[in-house]
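Thanks for coming. I will walk through one structure this morning, starting with a sheet, then some helices, then the aromatic rings.

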Amino acid sequence: QLTPSSFLRIGQLSNVDLNEDIHELETELPRQHPNEIPHNEKLLSLKYESLDYDNSENQLFLEEERRINHAAFRTVEIKRWVICAMIGILTGLVACFIDIVVENLAGLKYRVVKDNIDKFTAKGGLSFSLLLWATLNASVVMVGSVIVAFIEPVAAGSGIPQIKCYLNGVKIPHVVRLKTLVIKVCGVILSVVGGLAVGKEGPMIHSGSVIAAGISQGRSTSLKRDFKIFEYFRRDTEKRDFVSAGAAAGVSAAFGAPVGGVLFSLEEGASFWNQFLTWRIFFASMISTFTLNSVLSVYHGNAWDLSSPGLINFGRFDSEKMGYTIQEIPIFIFMGVVGGILGALFNALNYWLTMFRIRYIHRPCLQVVEAMLVAAVTATVGFVMIYCSRDCQPIQGSSVAYPLQLFCADGEYNSMATAFFNTPEKSVVNLFHDAPGSYNPMTLGMFTLMYFFLACWTYGLTVSAGVFIPSLLIGAAWGRLFGISLSYLTKGSIWADPGKYALMGAAAQLGGIVRMTLSLTVIMMEATGNVTYGFPIMLVLMTAKIVGDYFVEGLYDMHIQLQSVPFLHWEAPVTSHSLTAREVMSTPVTCLRRIERVGTVVDILSDTSSNHNGFPVVESNADTTQLCGIVPNHLFPPKVFVERANLNLVQRRLKLKDFRDAYPRFPPIQSIHVSQDERDCMIDLSEFMNPSPYTVPQEASLPRVFKLFRALGLRHLVVVDNRNEVVGMVTRKDLARYRLGKEGLEELSLAQT
């Protein structure tokens with residue numbers, strides 16, 4: 001539903017192609033680039049619209065529902081299952097594509113650089129190798145950053161905050177477009193191959209969601225193709241359910257964790273939940289893991305052995321050698337505390353960095369330069385660390401992909417290189433599984449320190465990249481260090497296996513950064529294939545969350561807040577019982593009469609100040625004007641004005657299908673030309689209005705209004721007085737304005753940016 005405001009800036013447009021977006025229209029205006037954009041986190045942006053999760057039960061809707069018989073409903077249900085299976089298969093295939101391409105390109109890059117280093121170690125002049133490595137990284141990342149910055153900025157980052165907002169009911173422009181998916185996939189491949197401190201797991205969640213949104217609508221607006229299937233699902237309610245299935249399929253392809261995917265969708269994403277939905281989402285997740293597994297097995301040449309369920313495989317942890325005893329539980333809890341503190345530090349640094357980026361680095365060309373700088377610095381840091389490290393390990397019996405000899409004796413390799421000279425996923429697995437004694441504590445300490453700052457600097461760049469794997473890697477490094485120091489302290493006692501502590505450290509660090517509890521426990525259990533560690537992982541994650549929340553919010557929530565998105569949490573702020581609907585609502589409300597002049601309707605829709613996008617319809621009695629319905633702004637049909645101009649000339653009734661074909665981009669009012677004669681006609685709104693809107697009395701408390709609004713996924717909530725007269729309207733922004741700050745309840749101001 002397009003806001004009128006964007007069009008008023010451009011003036012009256014006589015005709016707009018429905019498939020063009022506001023975005024393309026705005027580019028006609030000269031863009032001024034200030035040097036600094038003043039940004040404040042205590043703002044809520046007015047540019048985000050709300051999705052309507054509640055079906056508008058107008059006459060057209062009820063007529064269509066009555067026409068559908070029981071058998072047709074069964075067909076709809078079967079279609080839902082088919083769509084979920086397709087989501088699973090396609091998400092799995094996209095994950096395979098990313099995995100295979102990254103493996104080949106990164107392998108090529110590392111082989112080239114390794115040969116070069118081996119050549120120059122012998123005859124001197126290693127600075128050339130450094131130059132080669134940094135240039136390769138920067139050029140690959142440049143391509144990845146250019147496509148994101150100039151073609152589709154929504155594809156930047158991991159996409160989890162955006163999907164979280166979408167499932168919460170905020171309409172983020174371009175977030176589930178085919179174009180976004182293509183840029184996302186290419187961007188992820190390029191940023192991982194470019195050696196940035198990023199993972200390819202987070203973006204899988206976004207990719208899954210885009211696939212789900214595309215399939216369930218049965219058409220693509222980017223390709224301008226309509227396949228005329230699944231037309232019943234063209235509304236926010238259905239689309240949102242499928243997007244949560246797509247997000248789950250993405251998690252399960254990334255980690256090989258179908259149950260974790262369902263729980264992720266439940267914990268982070270979906271605001272609305274029911275049993276059938278859960279079962280369908282689980283089905284999509286399972287299919288997605290299975291597809292990935294079978295394709296990768298064929299690719300690796302063992303077609304019958306399904307051994308790679310996810311993009312990252314932590315490898316098996318054997319319970320026999322790696323059990324834990326009761327006295328280790330306090331140690332695990334302590335690791336959780338460390339993870340929480342480090343995670344809070346990571347988030348706080350990233351917060352200041354993001355504020356700086358929003359203010360100063362907002363031009364696309366600057367963003368590309370920054371990404372290239374980070375890529376070059378990452379390569380340089382890695383090179384210098386490998387160059388200065390004197391930690392040599394024997395080659396035989398080790399599973400290093402690209403062993404760099406450098407200044408080690410023959411038959412030995414540099415162990416710092418296993419951490420830096422590899423894709424992050426492989427490094428994580430090495431830290432989990434390498435035999436005790438394959439890393440020097442000094443190596444691990446330096447690696448943790450450098451990688452912490454690199455990962456923090458990288459998150460929020462204009463490239464598609466996830467934060468899951470870098471967090472796991474930082475945690476695994478300091479966890480392993482912790483395990484080694486424990487076995488020093490206990491004189492090499494048997495239970496201090498460093499791999500086990502690497503796993504706990506990884507969980508603690510990731511939990512401290514993103515603050516997920518339930519789904520993360522299950523994901524870690526499924527990815528390691530070991531239930532024994534369920535309890536310690538849960539303890540570690542709980543501790544990390546409690547400690548981290550004491551200091552600062554989770555990374556995703558922080559980025560949502562920095563974008564000034566009107567996000568509704570599960571509950572209203574706890575101290576808000578003193579506020580009532582009268583204080584929260586927006587007034588005055590623009591109301592329409594049941595039979596209204598066309599000119600009046602056109603003027604109201606063209607006016608930017610009535611930005612509720614929904615209009616109560618009232619009837620005047622002797623002394624009161626009572627509410628009798630509400631019309632969302634996209635249900636004002638373009639065709640009706642002319643057809644109803646003379647009320648006895650109605651050739652064909654409008655059907656709901658006419659509106660559904662325009663979903664999700666309804667034409668703006670400026671694209672409809674209304675002549676002066678037509679302005680004087682009357683239009684009857686009773687067919688289009690929802691005759692039973694949700695209302696609250698003006699004395700209702702904020703938590704009560706919030707609960708109703710949030711649980712039903714409304715877009716408008718009409719506030720009435722005791723005579724059923726409209727006194728105000730509650731929209732998402734009115735509720736999201738109130739937030740618990742450090743001093744108590746604070747009210748955010750609204751801004752146009």
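In what order do the three strands of the open sheet stand? The order is β8-β10-β11, and the pairing is mixed. Before going on, a word on the source: this is a predicted model, in which local features need pLDDT of at least 70, side-chain atom pairs count only at pLDDT 80 or more, and totals for chains, interfaces and linings use all residues. Residues are numbered from 1 along each chain as its sequence is written, and side-chain values use heavy atoms, with hydrogens and water left out.

Back to the sheet. Strands here, like helices, are DSSP runs numbered from the N terminus: E of at least two residues for a strand, H or I of at least four for a helix. Two strands pair if DSSP finds at least two bridges between them. In general, strands of a sheet pair through backbone hydrogen bonds, either parallel or antiparallel. Strand β8, residues 592-593, runs parallel to β10 and is joined to it by two bridges. Arginine 593 has valine 618 in β10 as its bridge partner. On the other side, β10 pairs with β11, residues 625-632, in the antiparallel sense over seven bridges. There, glycine 614 is partnered by proline 632 of β11.

Why do β8 and β11 each have one side without a neighbour in the sheet? Both stand at the edges with a single partner strand, so that side is left open. As for β10, residues 614-620, five of its seven residues are buried. Buried means under 20% relative accessible area, exposed over 50%, and partly exposed in between, with a 1.4 Å probe and protein chains only.

Now the helices. Helix α17 covers residues 468-489, and its 22 residues should span 32 Å at 1.5 Å a residue; the expected span is 1.5 Å times one less than the number of residues. The end C-alpha atoms are 31 Å apart, which agrees. Of those 22 residues, 17 are buried. Just after α17, lysine 491 has a positive phi of about 55 degrees.

Helix α19, residues 518-528, is largely enclosed by the rest of the structure, because eight of its 11 residues are buried. Among them are Leu520, Val522, Ile523 and Met524. Glycine 529 follows α19, with a positive phi near 65 degrees.

In helix α9, residues 236-255, I would point to glycine 250. Is glycine 250 buried or exposed? At 0% relative accessibility, glycine 250 counts as buried. Leaving out residues up to four places away in sequence, glycine 250 touches Thr91, Met204 and Ile205, where contact means heavy atoms within 4.5 Å. The C-alpha atoms of glycine 250 and isoleucine 211 are 9.8 Å apart, with the two positions 39 residues apart along the chain.

Last, the rings. How many aromatic pairs does the structure hold? There are 21, counting rings of Phe, Tyr and Trp (its six-membered ring) with centres within 6.5 Å; planes under 30 degrees apart are stacked, over 60 edge-to-face, and the rest tilted. Tyrosine 550 and phenylalanine 551 make an edge-to-face pair, 5.3 Å centre to centre and 80 degrees between the planes. Tyrosine 550 is exposed at 68% relative accessible area, while phenylalanine 551 is partly exposed at 45%. Tyr110, Trp133, Phe383, Tyr387 and Phe421 form one aromatic cluster.
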